[in-house]
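Trainee: I'm new to this structure and would like a close look at one part of it. Could you pick a sheet, walk me through its strands, and then show me what else is worth a glance along the chain?

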Amino acid sequence: MYSATGLGDSVRGFVVGGDISPNGNINVIQYVTMASVGNATDFGDMTEPKRSTYACASPTRGIIAGGYNHPLNVKIIEKFTMASTGNTTQFGNLITVIRDGVGLSNSTRGIFAGGTTGTNTNVIQYITIATDGDATDFGDMSSARYSLGGCASPTRGIIAGGYLSPAVYNTIEYVTITTTGNTTDFGDLIAGKYGQGGFSDVHGGLG
C-alpha cells in the first residue's frame with residue numbers, strides 16, 4: 001500500500017485510505033493502540049476510496065480532506081470520532097478539488113497546505129475542527145508545490161520540502177495557527193525532499 005495518510009490522538013494511531021496496486025484506491029480506515037503492539041484493526045470506511053488525502057485531528061475528531069479517487073481529485077472534508085469506530089461523515093468541502101498537500105493542526109484548527117490539481121498550488125486553507133463547514137483561505141506558502149511534509153505544536157505549523165518539477169525543495173516554513181497570513185521562513189532541510197512524513201511530540205490530536 002502507498003499514498004495512505006496518518007493521524008492520531010494520545011491513544012490511537014490511524015492509517016487512512018491509500019492505493020493497493022493493482023486493485024487501486026481503498027476507503028478503509030485502520031487503527032492501532034499505540035501503547036500496545038499488534039496488527040492494525042479495521043475502524044470503518046471513508047465515503048469513497050481515495051489516496052493522497054490531507055489529514056489532521058483534534059483530541060476527539062479525526063479529519064480527512066481532499067485526495068485522489070481515480071480519475072478525479074476530490075474536495076470533500078470528512079470527520080470521525082477517534083475514540084469510537086465507524087464510517088466517516090461529511091464535514092464540508094475544501095476550496096477546490098486537490099490532493100498531495102500536507103495537513104496539520106492544533107487542538108482547534110486544521111490547516112491544509114499546498115498540493116496539486118494537476119496544477120500545483122501555494123494556497124493554505126483552514127477549518128475549525130469542532131464546527132462543521134467549508135475550508136477558508138488562510139494565506140499562501142512561499143511557492144506552489146506538492147508532496148510536502150509537516151507537523152505542528154499548539155501554536156506553530158511547520159511545512160517542509162515538496163516538489164515542483166523539476167525542483168525538489170529543501171524549504172522549511174511556518175505559520176502561526178491561531179492567526180491567518182502567509183508563511184514565514186524557518187530554515188532549510190539538510191537536502192531537498194518530497195513525499196516525506198512529519199511528526200512532533202505535541203499536535204492537535206494531543207491537545
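Mentor: Here is a walk through one sheet, followed by some loops, a strand pairing and the cysteines.

Keep in mind that this is a predicted model. Let's begin with an open sheet of 4 strands, in the order E13-E14-E15-E16. Their pairing is antiparallel. As general background, strands of a sheet pair through backbone hydrogen bonds, either parallel or antiparallel. Which strands sit at the edges of this sheet? They are E13, covering 102-105, and E16, covering 136-140. Each of these edge strands pairs on one side only. On average, neighbouring strands of the sheet are turned by 25° against each other, with direction ignored.

Now zoom in on the E16 end. Strand E15, residues 123-128, pairs with E16 in the antiparallel sense, and 4 bridges link the two. If you want one contact to find on screen, try Gln125, whose bridge partner in E16 is Asp137.

From the other edge strand, E13, step back along the chain into the loop that lies between strand E12 (89-93) and E13. Asp100 is found in that loop. Its backbone is worth a look: Asp100 has a positive phi of about 65°, although it is not a glycine. Is Asp100 buried or exposed? With a relative accessible area of 17%, Asp100 is buried, because the cut-off for that word is under 20%.

Ser52 makes a good companion to Asp100. You'll find Ser52 in the loop between strand E6 (41-45) and strand E7 (54-57). Phi of Ser52 is near 60°, again a positive value in a residue other than glycine. Ser52 counts as buried too, at 5% relative accessibility.

Other loops hold cis peptide bonds. One of these bonds runs from His70 to Pro71, with omega near 5°. Pro71 has its place in the loop between strand E9 (68-69) and strand E10 (72-73). Another cis bond goes from Ser165 to Pro166, and omega is near 5° there as well. Pro166 lies in the loop between strand E19 (163-164) and strand E20 (167-168).

Next, go to the start of the chain and look at strand E2, residues 12-16. E2 is mostly covered, with 4 of its 5 residues buried. Which strands pair with E2? One is strand E1, residues 5-8, which pairs with E2 in the antiparallel sense over 4 bridges. A hairpin of 3 residues joins E1 to E2. Another partner is strand E5, residues 28-33, also antiparallel to E2, over 5 bridges. Gly13 of E2 is a handy spot to see both pairings: Gly8 stands opposite Gly13, and Gly13 stands opposite Val32 in E5.

Last stop, the cysteines. A disulfide, in general, is a covalent bond between the sulfur atoms of two cysteines. How many disulfides does the structure hold? The count is 0. Cys56 is in no disulfide, and the nearest cysteine sulfur to it belongs to Cys151, 14 Å away. Why is there no bond between Cys151 and Cys56? Their sulfurs are 14 Å apart, and that is too far for a bond, because a disulfide needs the sulfur atoms within 2.5 Å. As for its surroundings, Cys56 is buried, with a relative accessible area of 4%.

Notes: Residues are numbered from 1 along each chain as its sequence is written. This is a predicted model: local features need pLDDT of at least 70, side-chain atom pairs count only at pLDDT 80 or more; totals for chains, interfaces and linings use all residues. Side-chain values use heavy atoms; hydrogens and water are left out. Two strands pair if DSSP finds at least two bridges between them. Axes are lines fitted to C-alpha atoms, for helices over the stretch in contact, and angles run from 0 to 180 degrees between N-to-C directions. Buried means under 20% relative accessible area, exposed over 50%, partly exposed in between (1.4 Å probe, protein chains only).
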